[in-house]
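Thanks for sending this one over. Here are my notes, point by point, to read with the structure open beside you.

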Amino acid sequence: MRKRKGLSFNRRRRVIQPSVIQNIFIWIGECVLAFAIGCVLVYYFMTSLTCVGQAMEPTVGSGDQVLVNRFIYSLASPKAGDVVVFKPNGNVNAHYYMRRVVGVPGDKVQIIEGFVYVNGEVFETGTGNEKMDFAGVAEEEITLGKNEYFVLGDNRSVSEDSRNADIGMVRKQDIYGLAWFVRYPWENFGRIP
């Protein structure tokens with residue numbers, strides 16, 4: 001039988017190629033994988049907290065939104081100079097505190113005439129707020145135990161920190177993570193020194 005030339009009103013069925021379906025499933029799988037990786041990265045590296053109070057000024061201001069790396073301290077221990085986020089005495093009902101690590105396990109810490117001495121050397125952050133009026137529990141030399149950290153705010157005249165008996169030494173298990181980047185407001189945007 002011969003085909004007629006001209007218009008044909010018969011419908012042709014479309015055949016979906018298996019490769020098109022495979023490509024759709026691959027694309028959906030890639031999207032799900034990218035979303036899962038993003039969630040893991042945000043959970044461990046990009047947790048955002050708001051700084052409460054003026055204890056870390058001028059480094060971090062009250063109301064600044066800070067990114068916190070929660071993963072780093074499962075690989076390494078906090079070191080002197082790190083700005084850590086913690087709950088004092090592991091109190092789950094307390095807000096997060098953000099303070100600078102001054103002493104690490106095994107260090108001897110003492111405040112003499114308003115300045116912090118760690119192992120006999122003056123500890124300076126370079127923020128200009130080094131001297132303090134209140135020595136608190138560090139008036140006498142303190143030797144930090146295993147997994148204990150001595151923390152101070154950069155604005156030491158208003159900071160509530162390891163000098164205060166109600167906060168005291170911060171245990172490693174109470175440290176939430178490393179505050180490493182101010183994401184908002186824009187004038188403070190950048191890495192925390």
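1. Start with β5 and β6: these two strands pair in the antiparallel sense, over four bridges. One of the contacts to look up is isoleucine 112, whose bridge partner in β6 is phenylalanine 115. The hairpin made by β5 and β6 has two residues between the strands, and glutamate 113 there takes a positive phi near 50°. Bear in mind throughout that this is a predicted model.

2. β5 has another partner as well. It pairs with strand β8 (residues 142–143), again in the antiparallel sense, this time over two bridges. If you want a residue to click on, try valine 109, which has isoleucine 142 in β8 as its bridge partner.

3. Which side chains of β5 point to the buried face? Val109 and Ile111 do, and both are buried. Lys108, Gln110 and Ile112 point to the other face and are not buried. So the side chains alternate along the strand, and the cut-off behind "buried" here is under 20% relative accessible area.

4. Now the inside. The largest nonpolar core has 14 residues, and Val102, Val116 and Phe150 have the most contacts inside it. The elements giving two or more residues to this core are β5 (108–112), β6 (115–118) and β9 (148–152). A second core, separate from that one, has 13 residues, including Leu49, Val68, Tyr176 and Ala179.

5. Valine 102 deserves a look of its own. Leaving out residues up to four places away in sequence, valine 102 touches Ala80, Asp107, Val116, Val118, Phe123, Phe150, Val151 and Leu152. Two of the names in that list, Val116 and Phe150, also appear with Val102 among the residues with the most contacts inside the core.

6. On to charges: the structure holds four salt bridges. In one of them, the side chains of aspartate 154 and arginine 100 meet at 2.8 Å, N to O. This pair links distant parts of the chain, 54 residues apart: arginine 100 sits in strand β4 (residues 97–103), and aspartate 154 in the loop between β9 and β10 (170–171). Aspartate 154 counts as buried because its relative accessibility is 1%, and arginine 100 is buried too, with a relative accessible area of 6%.

7. Arginine 163 and aspartate 161 form another salt bridge through their side chains, at 2.8 Å, N to O. Are these two buried or exposed? Arginine 163 has a relative accessible area of 2%, so it is buried. Aspartate 161 has 0%, so it is buried as well.

8. The side chains of aspartate 174 and arginine 171 also meet in a salt bridge, 2.8 Å from N to O. Here the two ends get separate labels: aspartate 174 is buried, with a relative accessible area of 13%, whereas arginine 171 is partly exposed, at 35%.

9. Last, the outside. Val20, Ile21, Ile24, Phe25, Trp27, Ile28 and Val32 form a nonpolar patch on the surface, and together they have about 710 Å² of accessible area. One of them, phenylalanine 25, is found in helix α1 (residues 18–45). Why does phenylalanine 25 count as exposed? Because its relative accessibility is 60%, and the cut-off for exposed is over 50%.

Technical notes:
Residues numbered from 1 in each chain as written. Predicted model: local features only at pLDDT ≥ 70, side-chain atom pairs only at ≥ 80, totals over all residues. Heavy atoms only, no water. Core = buried A, V, L, I, M, F, W, Y, C linked by side-chain atoms within 4.5 Å. Buried < 20%, exposed > 50% of the residue type's maximum accessible area, 1.4 Å probe, protein only. Contact = heavy atoms within 4.5 Å. Patch = residues over 30% accessible without salt bridge, like charges linked within 9 Å, V, L, I, M, F, W, Y side chains within 5 Å. Areas by Shrake-Rupley, 256 points an atom, 1.4 Å probe, with all protein chains shown as cover. Pairing = 2+ DSSP bridges.
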